[in-house]
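Student: I'd like to go through this model and ask how each label is earned. Could you set the values against the cut-offs for me?

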Amino acid sequence: MSEPVAERPLDDRGLAAALIQAVRAFEFRLQPVSVGTVIEVGDGIARISGLHDIMVSELIQFEDETLGLALNLETDLVGAAVLGDHQHITEGSSVRALGRIISVPVGRALLGRVVDPLGRPLDDAGPIVASNERPIERVAPGIVDREPITQPLITGIKAIDALVPVGRGQRELIVGDRQTGKTTLAIDAILHQHRDDVLCVYVAIGQKLSSVAQVVATLRRHGALEHTVVVIADASAPAALQYVAPYAGCAIAEEFMEHGRDVLIVYDDLTKHAWAYRQISLLLRRPPGREAFPGDIFYLHSRLLERAGRMSQELGGGSMTALPIIETQMGDLAAYVPTNVISITDGQIFLEGELFHAGVRPAINAGLSVSRVAGAAQAPAMKAVAGQLRLALAQYRELAAFAQFGAELDHRTQEALDHGARLVELFKQDQHQPVEMVDQIVLYYAAAHGYLAGLTPQRIGAFGQTLLRTLHDSYQGLRNAIEIHLELTPEIEQALHLALAEALSAMQDVGG
C-alpha cells in the first residue's frame, strides 16, 4: 500500500479559489427571531403580545435597549418586569427576546468590585472582564452532593461564636427590628473572614445608597473589600432588580464554592426582597394571599437559601454560608415572612431592641437565639468553655425579670444574677472590632473558672482588655498552643491559670 501524500499548503492562487468556492456555496437562511409589541406599560411592568417563542426568566430587550425579564407567560400575552427605567418605553414599541436566561458574570474578576444585579460595575474601577457567566437561578444540590457541617465559621463576634455558633455551609438568620445592629453584625462577620481565607458576597436589597456607601467604605477601610463582592439594588432601583439581586449574589458565590472555596454571603435584607416580589406579583395580576403576598412567597426564599451548604469532597469540598437578614415590626417573630425564613434556616440570631437601647451591643437575646448546628461546628476547646454560658445567660434574663418585683432573693439566686450581669458585660463588643477565637476561648475560660467573681460588672470590660494584652505580650506560646491543638490539655490549662492570675493581679494593682 502506498504512503498517503501530505497536503501541500495553499498558495495565493489556491487560497483565492477556495474563498470563491466558499462564497458560491454560501446559502442565506432566515433565522426565526421572537419579536413582540408592547401593548401596555406602567409601574415597571410591560405587557407584550407576539412573543411566542420565549422562556420564563428569559431576557428581553426593548427599543431603547432597556432590558426586561419575562415572568408571566399567558396564552397571548407575556408579562415582563423592566430591569431599568420604564419611562422611555412606549406602547406600540417593539420588543425582542434575547434567547437566554438571565445570568450574571462570575469569577475572581468581581472580587473587590461593586456591581449591580446584572454584573455591571457601579464603582469607578473600570469594566469587569469576567471569565464566565452563570444563570442566576439553579436547582439546589441534593443530599448526596453535600457533607455534614462540622467546620466552624468564626465571625469574631463573641456572643455568636460562643452562644449561637455558625458552621461553614450553614444558613443562620439574623432577625430583629430596624436600627438594632443587624447590618453591623453581618459586616463584622465579613471583616473577620480574610484571616480565615473565606471569600464574601454582600447583597444590599432596597437599602439607602448612603447606608450602602458607608458599608463599602467600612469594608475598604478595614481591608476587607479585596476579598468581597458587593451587589447593590438600592431603594431607588426598580423592583425587578431588587427581586433579582439575591439570586445574582448567590450565583457569584456558587462559582467560588464549586472551585473548592469557602464563601460567606449576606442578604441584607430579605424583607425588602419579599416586598419587591409582592409589588411585581400584584402588578402582574397574580392572585394575592396572606398580607397580599403571592402564594409562592415561601418558595421565593427556600429556593435561594437551599443553595447554601457544604459540598462533598468529590465536588471540591467548597461551602457557602448564608446570613440572611429579616426586619421585624415591634419584635414580632410570628409575622408571615419571619416565620417563613425561620422555618427554612438552620437557626436564628435575634437582636432585641430593648437590649440595644440598654447599651447591650450586640443586642443578642440568648434565649430566643439558636443554632441548629450548635456544638457540631465548634472546636473542642470552645465547646468546653462556652457550653454553660448560654444557659447561664438565659437563666439570668428570667431571674432579672423576677427580681424586678422586689422579692427577697436567696444567696444562690443573687449569685446567679451577679454572674449573669458579668457575662452580659463580657459579651459586649465594639463594632468593627472582631476577636480571634483563641482570645475568646481564654475569656470564656476565665468566666467558667470563677476569675470574674471578684470583679464588679463595670470592670469586666477592662479586665478583658488587660487579659488579652497580657496574652499577646507574655503568653504568645500559649495562644499558639491553643490554636494548634484546639483542645484544653492539662499543660495548656496550667498556663492559662498563670496568665489569668497575672491579669487579675494587674487589675488589682490599678484598683479593680
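Student: Which residue just after H13 takes a positive phi?

Tutor: That's Gly450, with a phi of about 80°. Before we go on, some ground rules: this is a predicted model, where local features need pLDDT of at least 70, side-chain atom pairs count only at pLDDT 80 or more, and totals for chains, interfaces and linings use all residues. Residues are numbered from 1 along each chain as its sequence is written, and side-chain values use heavy atoms, with hydrogens and water left out.

Student: What makes H13 a helix, and how does its length fit the expected span?

Tutor: Helices are DSSP runs of H or I with at least four residues, strands are E runs of at least two, and both are numbered from the N terminus. H13 covers residues 437–448, twelve residues in all. The expected span is 1.5 Å times one less than the number of residues. H13 reaches 16 Å from its first C-alpha to its last, close to the 16 Å expected.

Student: Why is H13 described as largely enclosed by the rest of the structure?

Tutor: Because eleven of its twelve residues are buried. Buried means under 20% relative accessible area, exposed means over 50%, and partly exposed is in between, with a 1.4 Å probe and protein chains only. Among the buried ones in H13 are Met437, Asp439, Tyr444 and Tyr445.

Student: What makes Ser57 count as buried, and what does Ser57 touch?

Tutor: Ser57 has 14% relative accessibility, so Ser57 falls on the buried side. Its place is in the loop between strand S2 (45–49) and strand S3 (58–62). Contact means heavy atoms within 4.5 Å. Not counting residues up to four places away in sequence, Ser57 touches Leu69, Ala70, Arg100, Ile101 and Ile102.

Student: How do you know that Cys200 and Cys250 aren't a disulfide?

Tutor: A disulfide needs a pair of cysteine sulfur atoms within 2.5 Å. The sulfur of Cys200 has its closest cysteine sulfur in Cys250, 15 Å away, so that's too far for a bond. Overall, the structure holds zero disulfides. Both cysteines are tucked away all the same: Cys200 is buried at 0%, and Cys250 is buried at 1%.

Student: Why is the pair of Tyr243 and Tyr247 called edge-to-face?

Tutor: Rings of Phe, Tyr and Trp (its six-membered ring) pair if their centres lie within 6.5 Å; planes under 30 degrees apart are stacked, over 60 edge-to-face, and the rest tilted. The search of the whole structure finds four aromatic pairs. In this one, the centres of Tyr243 and Tyr247 are 5.8 Å apart and the planes make 65°, which is edge-to-face. The two sit four residues apart in helix H5 (residues 239–257), so they're separated by about one helical turn. Tyr243 is buried at 6%, and Tyr247 at 0%. Ring pairs also bring in Tyr277, making a cluster of Tyr243, Tyr247 and Tyr277.

Student: What makes Arg278 and Arg361 count as sitting over a ring?

Tutor: The rule is that NZ of Lys or CZ of Arg is within 6 Å of the ring centre and within 35 degrees of the ring normal. The charged end of Arg278 sits over the ring of Phe293, 4.3 Å from its centre. For Arg361 the ring is that of Phe356, at 4.0 Å.

Student: How do you know that Glu254 and Arg138 form a salt bridge?

Tutor: A salt bridge is a side-chain nitrogen of Lys or Arg within 4 Å of a carboxyl oxygen of Asp or Glu. In Glu254 and Arg138, the closest N and O atoms are 3.5 Å apart, and that meets the rule. Glu254 lies in helix H5 and Arg138 in the loop between strand S9 (132–135) and helix H2 (158–163), so the pair ties together parts 116 residues apart in sequence. Glu254 is buried at 1%, whereas Arg138 is partly exposed at 30%.

Student: Which other salt bridge does Arg138 form with Glu258, and at what distance?

Tutor: Their side chains meet at 2.2 Å, N to O. Glu258 is in the loop between H5 and strand S13 (262–268), so this pair ties together parts 120 residues apart. Glu258 is partly exposed, at 36%.

Student: What makes Glu436 and Arg479 a link between distant parts of the chain?

Tutor: Their salt bridge is 3.3 Å, N to O. Glu436 is in the loop between helix H12 (411–427) and H13, while Arg479 is in helix H15 (residues 476–485), 43 residues apart.
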